[in-house]
Amino acid sequence: MTTTPQGNEKHAVPGYVRDHGTHPPLDYPGYGSTALRHPKRPLQLLPHLLTEVTGPLLGEGPIGELDHDLTRQHAGEPQGQRIIVHGRVRESDGRPVPHTLIEVWQANAGGRYRHTGDNWPCPLDPNFTGVGRTITDAEGRYRFVTVRPGAYPWKNHDNAWRPAHIHFSLFGRAFTQRLVTQMYFPGDPLFFQDPMWNSIPDEKARERLLCRFDYENTQPEWALAYEWDIVLRGRESTPFESEVDDD
């Protein structure tokens, strides 16, 4: 299989396929830090040996009772609008992807992460850590309860703000099988200046990162609901990031 990473000459990596029309390039001029992070040498195939194939295995055992509910992981109530985020993980032919680990992380309602590197003047919420995880069921369904994240400034360009988003990480049956993406909310006014959003070449592919407001699954007097399906492969695949990104 021949693939051409950004800035590299052609080379063969069996089994590696990157859809350049859907997924963002590894080096995108508008996103400053990709110049430092993108691969500058040809990709190398690292075969899975016994360690990668046999462990660590993922399953329901490590999942805590409240891991999926980011609003109940502390003694008090977090600030912000409660939301339910749910959907399905599917293959390109519509088949569900069951029993796969999904992790999420996000900023609080004011747009701040609980991270030592995030020190912009927005208060931390003592009742919100911003991290959750769950396992898809037999039909590939997942469900999180959280608060809607706020926008936040970052220093990529002049007056740069990230639109509200939630990071998703999907694992296969081992930690060597991982995909990372972001879910956005419809109608956000900050898309026009966000390089992560605009680095996705195809406009229709960008729209697959948008969740859908789901009034039918809103929990009365408690939480609004949003639906977002994740498609792993094919023409309708969800755009995935080339690397893990703390932004």
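Select Asp 69 and Arg 72 to begin: in this predicted model, the two side chains form a salt bridge whose closest N and O atoms are 2.8 Å apart. Colour the pair by accessibility and the partners can be told apart, for Asp 69 is buried, with a relative accessible area of 6%, whereas Arg 72 is partly exposed, with a relative accessible area of 46%. This pair is a starting point for the charged contacts, since the structure holds nine salt bridges.

**Salt bridges between separate parts of the chain**

Move next to Arg 90 and Asp 229, whose side chains meet in a salt bridge with an N to O distance of 3.8 Å. Arg 90 belongs to strand β3, while Asp 229 sits in the loop between β12 (224-227) and β13 (230-231), so the pair ties together parts that are 139 residues apart in sequence. Arg 90 is partly exposed, at a relative accessible area of 23%, and Asp 229 is likewise partly exposed, at 27%.

Now select Glu 227 and Arg 212, which form a salt bridge with their closest N and O atoms 2.3 Å apart. Here the link runs between distant parts of the chain, from Glu 227 in strand β12 to Arg 212 in strand β11 (residues 212-213), and the two are 15 residues apart. Glu 227 counts as partly exposed at 24% relative accessibility, and Arg 212 is also partly exposed, with a relative accessible area of 45%. Add Asp 214 to the selection, and you will have a network of salt bridges that links Arg 212, Asp 214 and Glu 227.

**A buried acid without a salt bridge**

Which side chain of opposite charge is nearest to Asp 188, and how far away is it? Select Asp 188 in the loop between β10 and α3, and then show Arg 148, which is that nearest side chain and lies 5.2 Å away. Asp 188 is buried yet has no salt bridge; a salt bridge would need a side-chain nitrogen within 4 Å of a carboxyl oxygen. What the side chain of Asp 188 does reach is the backbone nitrogen of Leu 190, at 2.9 Å. If you set aside residues up to four places away in sequence, Asp 188 touches Pro 163 and Ala 164.

**The nonpolar cores**

Hide the charged side chains and turn to the interior. In soluble globular proteins, nonpolar side chains tend to be buried together. The largest nonpolar core in this model has 33 residues, and those with the most contacts inside it are Val 89, Tyr 142, Phe 168, Met 183, Phe 185, Trp 228 and Ile 230. To see which elements feed this core, colour β3 (82-90), β4 (101-105), β6 (141-147), β9 (165-171), β10 (178-184) and α3 (195-198), each of which supplies at least two of its residues. For a second, separate core, select Trp 105, Ala 107, Tyr 152 and Val 180, which are among its five residues.

Return to the largest core and centre the view on Phe 185. Beyond its neighbours within four places in sequence, Phe 185 is in contact with Ile 83, Arg 148, Pro 149, Ala 164, His 165, Ile 166, Phe 191, Leu 210, Cys 211 and Tyr 226.

Leu 170, in strand β9, is the next selection, and it counts as buried at 5% relative accessibility. Its contacts, again leaving aside neighbours within four places in sequence, are Val 89, Leu 101, Ile 102, Gln 177, Arg 178, Leu 179, Ile 230 and Leu 232. With a distance tool you can also join the C-alpha atoms of Leu 170 and Arg 133, which are 9.8 Å apart in space and 37 residues apart in sequence.

**Two loop residues with positive phi**

Most residues other than glycine have a negative phi. Against that background, select His 99, which has a positive phi near 55 degrees. His 99 lies in the loop between β3 and β4 and counts as partly exposed at 40% relative accessibility. Asn 159 also has a positive phi, near 50 degrees, and is found in the loop between β7 (152-154) and β8 (160-162). At 59% relative accessibility, Asn 159 counts as exposed.

**An annotated segment**

As a last stop, select residues 85-113, which UniProt, in an unreviewed entry, lists as "domain: Intradiol ring-cleavage dioxygenases". Over this segment the chain is 0% helix and 38% strand, and the C-alpha atoms at its ends are 19 Å apart.

Methods:
Residues are numbered from 1 along each chain as its sequence is written. This is a predicted model: local features need pLDDT of at least 70, side-chain atom pairs count only at pLDDT 80 or more; totals for chains, interfaces and linings use all residues. Side-chain values use heavy atoms; hydrogens and water are left out. A nonpolar core is a set of buried Ala, Val, Leu, Ile, Met, Phe, Trp, Tyr and Cys residues joined through side-chain atoms within 4.5 Å. Buried means under 20% relative accessible area, exposed over 50%, partly exposed in between (1.4 Å probe, protein chains only). Helices (H or I, at least four residues) and strands (E, at least two) are DSSP runs, numbered from the N terminus. Contact means heavy atoms within 4.5 Å. UniProt positions are given in the numbering used here, feature names are shortened, and annotations may be inferred rather than shown by experiment. Lys and Arg count as positive and Asp and Glu as negative; His and the chain ends are not counted. A polar contact is a pair of N or O atoms within 3.5 Å; within protein, one must be able to donate a hydrogen and the other to accept it, and residues adjacent in sequence count only if both atoms are side-chain atoms.
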